[in-house]
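Subject: Structure for your files

Hello,

Here is the structure I said I would pass on. My notes on the sheet and the helices follow below.

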Amino acid sequence: MPSTRESRNQTRLRLDSGQFDVSGVLVPDADEPIYRTSLGALWSGDCMDVLPMIRDEVVDTVFADPPFNLGKEYGERTNDLRPDYLEWCYQWLSECVRILKPGGSFFVYNLPKWNIPIGAFLGTQGLEFRHWIAVELSACLPIPGRLHPSHYSLLYYSKGKPKTFRKIRTPIALCRHCGKELKDYGGHRQAMNPNGVNLKDVWTDIPPVRHRKFKSGDRKANALSTKLLDRVVEMSTVPGDLVIDPFGGSGTTFAVCESRRRHWLGIELDFADVIVDRLERDDIRSHRNDDFIED
Ligand SMILES: C[S@@+](CC[C@H](N)C(=O)[O-])C[C@H]1O[C@@H](n2cnc3c(N)ncnc32)[C@H](O)[C@@H]1O
């Protein structure tokens, strides 16, 4: 007998959100994507060339995980040491705001240092602040003369009142060794919802990803955990909604969208081949986490 959680997940999987007509969200004479599935489309190129090909206010959620300007080596074409980094960010951010529907959600994953001005900029573009989500880092080197950095920032804004915000519950924490519950919840355990606790704005349960998995030759796509993307997609969209990620990397956003039956638009400068390979061979049904979605 499947648990309530399992049977609800199965029901969601059976929802058929239909074939995605990508031409409906593009301007006339837009370039053809290099790859399509029944749910999404991928362009290989610079997001500043591709974003203008998308019509105004057609996207339900934007998720962006740009290079952090740390001088990291990505592929050949990425410049990860720009003197004009913020100016560059403001350009692609403006394009993403333009294509976002009223009520749509906007997520940016970056260093706290960059997400402070990026958040302020989004405010000037008419977006509303919802959350600064701290995503705990398990392994990060200490910096002399500073506090030990231990989180990345995930900004969450919306274009006006969010049209979709699905409540997420996370499982009650258990000891890995003995299986017993780790907290007593101040003596209120019996009164708690059996489906778990309300998702907080500090995420300590996002596992690191072994980059080797999405390596192609010497090139490294900096993959995020599917758990993080699964949460973003589940929280802010319903099946059939459209998600865009202008910095596709290894394709985590698109793999999760395939798994959750969301439509998607993807752009990637250097690793489009890695994304196609991943989507062709990934077991998309394996992208599951233990969150409970309270519809
Ligand atoms: C931090 S990684 C994204 C990783 C992705 N979230 C994942 O989970 O796999 C940033 C990506 O942006 C790509 N990139 C850099 N500049 C770009 C641009 N102007 N347009 C599109 N993609 C770009 C890089 O090649 C890199 O793969």
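A term first: a crossing of two helices is called right-handed if the near helix is turned clockwise from the far one by less than a right angle, and left-handed if anticlockwise. Please keep in mind that this is a predicted model.

By that convention, helix 5 crosses helix 6 in the right-handed sense. Helix 5 covers residues 226–236, and its axis comes within 9 Å of the axis of helix 6, at a crossing angle of roughly 55°. Helix 5 is therefore oblique to helix 6. On the helix 5 side the contact is made by T226, L229, D230 and V233, and on the helix 6 side by T252, T253, V256 and C257. By type, these residues are four nonpolar, three polar and one charged.

Now the sheet. It is open and mixed, with nine strands in the order 1-2-13-12-3-4-6-5-9. Strand 1 (35–36) and strand 9 (202–203) are at the edges; each has a single partner strand, so one side of each has no neighbour in the sheet.

Within the sheet, strand 5 (residues 128–136) and strand 6 (residues 151–158) run antiparallel and are joined by eight bridges. In this pair, A134 is opposite S153 of strand 6.

Two helices lie on the sheet as follows:

- Helix 4 (residues 112–124) lies across strand 4 (100–110), strand 5 and strand 6, at about 5° to strand 6.
- Helix 6 (residues 252–259) touches strand 2 (40–44), strand 3 (59–64), strand 12 (242–245) and strand 13 (263–268), and its direction makes about 165° with that of strand 13.

Regards

How values were computed. Residues numbered from 1 in each chain as written. Predicted model: local features only at pLDDT ≥ 70, side-chain atom pairs only at ≥ 80, totals over all residues. Heavy atoms only, no water. Pairing = 2+ DSSP bridges. Helix = DSSP H or I, 4+ residues; strand = E, 2+ residues; numbered from the N terminus. Contact = heavy atoms within 4.5 Å. Axes fitted to C-alpha atoms, helices over the stretch in contact; angles between N-to-C directions. Parallel < 35°, antiparallel > 145°, perpendicular 65-115°, else oblique. Nonpolar A, V, L, I, M, F, W, Y, C, P; charged D, E, K, R; others polar.
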